[in-house]
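Subject: Structure handover and notes

Dear colleague,

I am passing the structure below on to you, together with some notes on what came out of going through it. Please read the notes with the coordinates open beside them.

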Amino acid sequence: MTQHVSPPRDGTGKTAPVAQPPSWRGVLARADVRTLSLLGVLAALILIGGITKPDEFLDTRNLQLVLTQASVIGVVTVGMTFVITSGGIDLSVGAIVALASVWATTVATQEYGFAGILFTAVLVGVGCGLVNGLLIAYGAMVPFIATLAMLASARGLALQITDGRTQIVTISSVLDLGERDAYVLGVPPLVMVFAVVTIIGWLVLNRTTFGRRTVAVGGNAEAARLAGIDVRRQRLYLYLLSGLCCGIAAFLLIILSGSGQNTNGNLYELDAIAAAIIGGTLLTGGRGTITGSVLGVLIFTTITNIFALNNLQSDVQQIAKGAIIVAAVLVQRRTASTT
Amino acid sequence: MAPDSPLLSMSGITKSFPGVRALDGVDLDVQAGEVHCLLGQNGAGKSTLIKVLAGAHQPDTGTIHWRGEPVTLRSPIAAMRLGIATIYQELDLVEHLSVAENVHLGHEPTAVGFVVRGKAARASTAALLRRLGHPEIDPAHLVGELSAAQQQIVSMARALSHDVRLIVMDEPSAALDPDEVDNLFRIVGDLTAEGVAVVYISHRLEEIRRIGDRVTVLKDGRAVAGGLPAKSTPTREVVALMTGRNVEYVFPERAGSASTNGGKPLLEVQGLTRQGEFEPLDLSLHPGEIVGLAGLVGSGRSEILETIYGARKPTAGQVLVDGRALKPGSVRAAVRAGLGLAPEERKAQALLMLESVTRNVSVSSMSRFSRGGWIDRGAERGAARAATRELSLRPDNPSVPVRTLSGGNQQKAVLARWLLRGCRVLLLDEPTRGVDVGARAELYAVVRRLADEGLAVLLVSSEVPEVLGLADRVLVLREGRVVHTAPAHELDEHRVLDLVMEGSPAS
C-alpha cells in the first residue's frame, strides 16, 4: 500500500497550494497514487480553464471567487469525511446549513450582532448534529434514515422561520468580512476559515485518538467494540462534528450572500459526499482522507467555474460531475486491486 | 458415462484467501445414488469446498470430473446446468415473492419475453411440493410467511425444478424439529432411490449414521479421511478425526506447578447464565493458570467467553475480577478490569483489516501514547514493535497491513494488542483456528509463557489435544452445560471425547 511514487512532471507545481494540510512535504513524500491523480486532474482543469478563457480564468479575482465558493461546501465536506470514514452518512448537511443560516439571520438574532449570528449558526448546527447522533448512536437508527428525517424536518423548519422570504443581514461587521478590504494578502477570510478547518480536520483524523477511533469504527465496528472502544459515543461525537461543520459553513454562507434563505445549502449533501468519495474516502468506512476530500471539492468548484465562464449550462455541468464521480471510483477500484 | 467412474470426482482442490489456505489439496468423490457426508468443525473448509462445487469459488488448483469428463465450474449457472444444486444454510429465498415465483426464480416460464405468472408455474411447483411430501404448502403463498422448515422445502423444490443429479445440503437439519428432520431424511431417501447423489453436511454424527453411506472428514482444509463407511466407523474414530491432531504437536512444559493453592482467584464467574445458550456456570481462574473449555460446536463455549467479556449480556450471574463485580454486558468495563479477548472469528471480530499491524496492536491502548487525545506516533510504533517482537510476529515490521499476515501471525497481532494493554486475563477462543500446523507450536509456547508470567488464561478449543496439552484444568461442555471438571493430567483424549459425546444416540 505504501507506494512511493515521485510526483509527475506535468506541472502539478502550478496547483494552488492554498488550503493544503500543513506537513505538505510529508504528504508529498507519502502521497499515494490517488492523491497524485487528483492533483493531476486539478492541474488539467486549470490548464483547460487557462486555455479556454486565459484572461478571465487566471484572473486573481476569479481564483479568489473559486476558492471562496469552495470554502462553504469544503467545510461541510470535512465533517462529512469523518462521518463517512466511520461507516456512516449524513444526508442532512444541506438542510442543517439552511436552518442554521435562517435561524442566525432572524431579526431577533441580529439584535445580538456579530456574536449572536455566529453563536446561533454554530449552536443550531451542533444541535441538529446532536439529534442525529442520539438517534443513530443510542436509538440504533440507520444513519441514512435518521439524517434523511433530519433533512426533511430542518428544511421544513427553515421554511417556517423565513416563510419563504430572504432575510437580509444588516450587521455591517458580518458583511464586511466578505468585502475585498477584509482580504489578507489577497486571501478572503472565508478561505482562511476553510484552510483552518481543513488543517484541524486533517490533524484530528490523522494524529489523534479521536481520528483513530473513527477509522476503527468504520473499518470494523464489532472489532472496535471488542477492543474496548465506546462505539456509540464515538458515533454521537461524529454527527456532532458534522453538525458543527454545517454551522460554520452556514456562517460563511451568511457572509458570502449577506442573507439567510431557506433554500440555502441545496444538495450540499450530494456535493459533499461526491467530493469525499472521489477524494478516496471509502463509502463503506474504514479509510478517509481529508486531503482527498479537499481536492475533490476544489475539482468540483473549478469545473463549475470553467463551465460558467464558458457559458455552458448547468445541465452540462451536472453531467460532467457525474462522469467524474464514475471515473474516479473506477480508477480507485483499479488501483485498490493492484496494490 | 463409464459404469465405474463416479458421478463427481474432485481431486487436489486448493483454495487460498489472503492470510489463510482454506482448502489444501482436497479429494472428494461421489457416486450416483449415495449420500456422501462431509464432516468437519467450523473453519475446516466445508463451506469453501461446497462453494467450489457450486461454482461460486474458483479453485486455485485441482481438477473436477463430472461423469468422467473434466469440467470447469465457472459460475453457479454452469454448475446448475450440469445438474449440481446447492441448498445453503442461509436459505437464499426472496421473502416477498411467492413460493412458485421462488421455485422458478431465474428460469421463469416465459411467453414472448414476459414472465407468465399463471397456472403453469403454480402447477409444476405444486407437483414438486407433493413429491417432497409437503402438499400443504400453497404455491401462491409468500415465502416470508412460511416456517423455517417449509422454507427449506421450497429451497429443495427449487433445486429439484432443475434436472438435478447432485444436491449439496449445507446443514439442512440445523433449523428443523425432530419430526421435520424425519421428513427430510425420507426425501433424501427418495432422491437417492432415483439415482440422485446427495452431499450432506452436518456435524451431528447421529444423522450421518442414519442416512449416510460414506463420510469424508475435513480438517484444516484437508480431507483427513475420505469415503469411510458412514454406518460402521466408530464414533470415537470420527470425532477424533474431526477434532484431534493430525500431527504430533509439541506442547510446552509448565515452568512450575499450578499456583492455584492459597492465592486468591483473579477471575471468578458466579452462576453466569444466558438463557438458551448455556446453563449457570461457576469458574475461578488464578494468576498463572490455564483453564480449558472443551466442547463441540454448539456446546456454548464461545457464548460463555463472550458473556464473561461483556460482549453478551448475561441473564443471570456475575463476573468478578479481584473480587470486584464487573458491570454486566460492558466490554469496556471488562477491558478496564484487565480482560482481553482473542475471538474465534479473527477477521470479523478482532482485526481492522485495512490497517497496519501497529494500529491493530495499539487500538486498545491508545491512551498510553496520547496526551490530550494527541497521539505520539513514535511511542506508539515503539510499543507495538516491542509487543510484536516479544511474540516473534513475522514479518518483523509492524507497519505492514495486517491482512498480509498469515493466520498465526494475525493471531499474534491480537495477542500483542492485549499484551500491550497489560491485560491480566486472556480469553482465547479457538486460538489456532486457521493457523498453519507449523505455527501452532509457536502459539502454544506463547500462551504457556504468558501464563507463566502470571496471566490467567481461559482457553476454548474444539481440539481436545490442544486443551489437554495446554490447560491445567479442563471443563468439559456439552449443550451449554459443564458435564465434567478435572485437572488436565487426569484426563485423556478418549475420556474427553466420550464426555463431549455423552448421551448422544450414536455413542
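Which strands of chain B does helix 6 lie across, and at about what angle does helix 6 run to strand 10? Before the answer, please keep in mind that this is a predicted model. Helix 6, residues 178-193 of chain B, lies across strand 3, strand 9 (166-170) and strand 10 of chain B, and its direction makes an angle of about 145° with strand 10 of chain B.

Those three strands belong to an open sheet of six strands in chain B, ordered 6-9-10-3-11-12, in which the pairing is mixed. At the edges stand strand 6 (84-87) and strand 12 (222-229) of chain B, each of which has a single partner strand, so one side of each is left without a neighbour in the sheet. From one strand to the next, the twist averages 15°.

As a general reminder, strands of a sheet pair through backbone hydrogen bonds, in either a parallel or an antiparallel sense. Starting from the edge, strand 6 of chain B runs parallel to strand 9 of chain B and is joined to it by four bridges, with Thr86(B) standing opposite Val168(B) of strand 9. Strand 9 of chain B then pairs with strand 10 of chain B, again in the parallel sense, over five bridges, and here Val168(B) stands opposite Val199(B) of strand 10. Strand 10 (residues 197-201) of chain B is in turn paired in the parallel sense with strand 3 (residues 35-39) of chain B over four bridges, where Cys37(B) is found opposite Tyr200(B).

How many of the residues of strand 9 of chain B are buried? The strand is mostly covered, with five of its five residues buried, and the cover extends to both faces, since Leu166(B), Val168(B) and Asp170(B) are buried on one side and Ile167(B) and Met169(B) are buried on the other.

Taking chain B as a whole, there are 17 helices and 24 strands, and 50% of its 507 residues count as buried. The C-alpha trace of chain B spans about 75 × 50 × 45 Å along its principal axes. A compact globule of 507 residues would have a radius of gyration near 23 Å, and the 25 Å of chain B therefore agrees with that expectation. Of the contacts in chain B between residues at least 6 apart in sequence, 68% join residues at least 24 apart.

Turning to chain A, the axes of helix 10 (residues 189-207) and helix 15 (residues 290-309) of chain A come within 9 Å and cross at roughly 150°, and these two helices of chain A are therefore roughly antiparallel to each other. Helix 10 of chain A makes this contact through Thr198(A), Gly201(A), Trp202(A) and Leu205(A), while helix 15 of chain A contributes Ile290(A), Thr291(A) and Val294(A). Sorted by class, the residues in this contact are four nonpolar, three polar and no charged.

Finally, the contact between the chains takes 18 residues from chain A and 25 residues from chain B. On the side of chain A that touches chain B, the elements giving two or more residues are helix 11 (209-219) and helix 12 (221-226) of chain A, and helix 11 of chain A gives the most, with five residues. That side of chain A divides into six nonpolar, six polar and six charged residues.

With best regards

How values were computed: Residues are numbered from 1 along each chain as its sequence is written. Chains are lettered from A and ligands numbered from 1 in the order in which they are written. This is a predicted model: local features need pLDDT of at least 70, side-chain atom pairs count only at pLDDT 80 or more; totals for chains, interfaces and linings use all residues. Axes are lines fitted to C-alpha atoms, for helices over the stretch in contact, and angles run from 0 to 180 degrees between N-to-C directions. Angles under 35 degrees count as roughly parallel, over 145 as roughly antiparallel, 65 to 115 as roughly perpendicular and the rest as oblique. Two residues are in contact if their C-beta atoms, placed from the backbone, lie within 7 Å. Ala, Val, Leu, Ile, Met, Phe, Trp, Tyr, Cys and Pro count as nonpolar, Asp, Glu, Lys and Arg as charged, and the others, Gly among them, as polar. The radius of gyration is taken over C-alpha atoms; the globule rule is 2.2 Å times the number of residues to the power 0.38. A residue is buried if 20 or more other C-beta atoms lie within 10 Å of its own, exposed if 12 or fewer, and partly exposed in between; C-beta atoms are placed from the backbone. Two strands pair if DSSP finds at least two bridges between them.
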